[in-house]
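Student: I have a new model on my screen and would like to talk through how its sheets and helices fit together. Could you take me through it?

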Amino acid sequence: MAAFLAWGTPTIWVARDFPETDELARQPYIYLRCRVEWSDLKIFLAIARTGTLGAAARQLGQTHPTMSRRLRALEQAVGQTLFQRTHEGYVLTDEGTTVLAHAERIEEEALACERQLSGQGQHLDGMLRVSSSDWFGVHMLTPVFAEFVKKHPRVTIELVTDARRFSLARREADLAFRSRPFEEPELIQHKLMHMDYALYAAAGLPPPRAGDGAGCSLVTMDAALGAFPDVDWLQRMLPGAHIGFRSNNRDVQARMCAAGSGLAVLPCPLGDRTPGLKRVELGEQPPGRDVWVGYHRDLRRLARLRALLEVTTFRLGK
């Protein structure tokens, strides 16, 4: 099966049952047999990426029967089986892998067009989807965004606080705040601020001794999320301490620490504002973290994005 992208349209043309000859390569449109619409390809991509109809349906806001019916129609249109149905889920066939490569190129073009059109809008209205960690969204961004929406009531901000990293290239978010630089080359980014961290304990608890920690309990990050500088620091400074509680949510850590469940390394804006907590000095500060903000370069002229960045950098940047 040979697939060709019809330039300038969100359509994939498929030539079936013909050899890949030089003549065909020079004149691919001689053998056009069927046309697949972009809406069908979005369903195909969702199934290919999630591996199940149910997960793909939730991602696109469709029902399970609708997804199944559209997939059957797509396979009939191209005359090929695109997925193997297994107990573990849907697995791409060789033909499906071929279609996937072309579908992703079409998706990239469609999203680039959408971003460029969005970037031309100069009125301060419309939606901005922002991604950040939970505590940073609650304690740092929410006050800034409250100020912004009062000034610009026609702009809707959707703040998503999630450990998952949303793709700026696929418009899963318009603006993202992260604790490390972005790797995607098509993004514009800058360091917003440096965040200091400190060791905290519930008021009234005796301070631990650096290099020991015997008899102390620790509240730390969930190990499943990978290595964190503050976790390594805690284990080095208090090697004899016991890890009593783990969570991927900094607010939860702060609450547990204030309840006397253990010592915790927290961002200073969170720890200093949590009632019942005090800083603990061990002679060495925990490592801090930089905060980076990024967005897709196609949105650099979007007025509402620039305005939100301006007020956020003014309030938080340092």
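Tutor: Happy to; we will go through two sheets and the helices beside them, keeping in mind that this is a predicted model.

Student: Let's begin with the sheet that has the order E7-E6-E8-E15-E9. Which are its edge strands?

Tutor: Five strands make up this open sheet, and their pairing is mixed. An edge strand here pairs on one side only, and that picks out E7 (155-161) and E9 (187-195).

Student: In which sense do E9 and E15 pair, and which residue is the bridge partner of histidine 190?

Tutor: E15 covers residues 289-296, and eight bridges link it with E9 in the antiparallel sense. Within E15, the bridge partner of histidine 190 is valine 293.

Student: Which helix packs on this sheet, touching E6, E7, E8, E9 and E15?

Tutor: The strands of the sheet are themselves turned against their neighbours by 20° on average, direction ignored. The helix packed on them spans residues 134-151, and its direction makes about 175° with that of E7. This is helix H6.

Student: How should I describe H6 and H10 relative to each other: parallel, antiparallel, perpendicular or oblique?

Tutor: H10 takes in residues 303-316, and its axis comes within 10 Å of that of H6, crossing at roughly 120°. Roughly perpendicular would need 65 to 115 degrees, and roughly antiparallel over 145. The two helices are therefore oblique.

Student: How many residues of the contact of H6 with H10 are nonpolar?

Tutor: On the H6 side the contact includes Phe136, Met140, Leu141 and Phe148, and on the H10 side Ala307, Leu308 and Val311 are among the residues. One residue of the contact is polar and three are charged, while the nonpolar ones number 10.

Student: Now the sheet with the order E12-E11-E13-E10-E14. By what angle are its neighbouring strands turned against each other on average?

Tutor: This is an open sheet of five strands with mixed pairing. Its edge strands are E12 (242-247) and E14 (277-280). With direction ignored, the average turn between neighbours is 40°.

Student: Which residue of E12 is the bridge partner of methionine 221?

Tutor: E11 (residues 217-221) and E12 run parallel and are joined by five bridges. In E12, methionine 221 has as its bridge partner serine 247.

Student: And which helix lies across E10, E11, E12 and E13?

Tutor: Look at residues 229-237, which run at about 160° to E11. They form helix H7.

Key:
Residues numbered from 1 in each chain as written. Predicted model: local features only at pLDDT ≥ 70, side-chain atom pairs only at ≥ 80, totals over all residues. Heavy atoms only, no water. Pairing = 2+ DSSP bridges. Helix = DSSP H or I, 4+ residues; strand = E, 2+ residues; numbered from the N terminus. Axes fitted to C-alpha atoms, helices over the stretch in contact; angles between N-to-C directions. Contact = heavy atoms within 4.5 Å. Parallel < 35°, antiparallel > 145°, perpendicular 65-115°, else oblique. Nonpolar A, V, L, I, M, F, W, Y, C, P; charged D, E, K, R; others polar.
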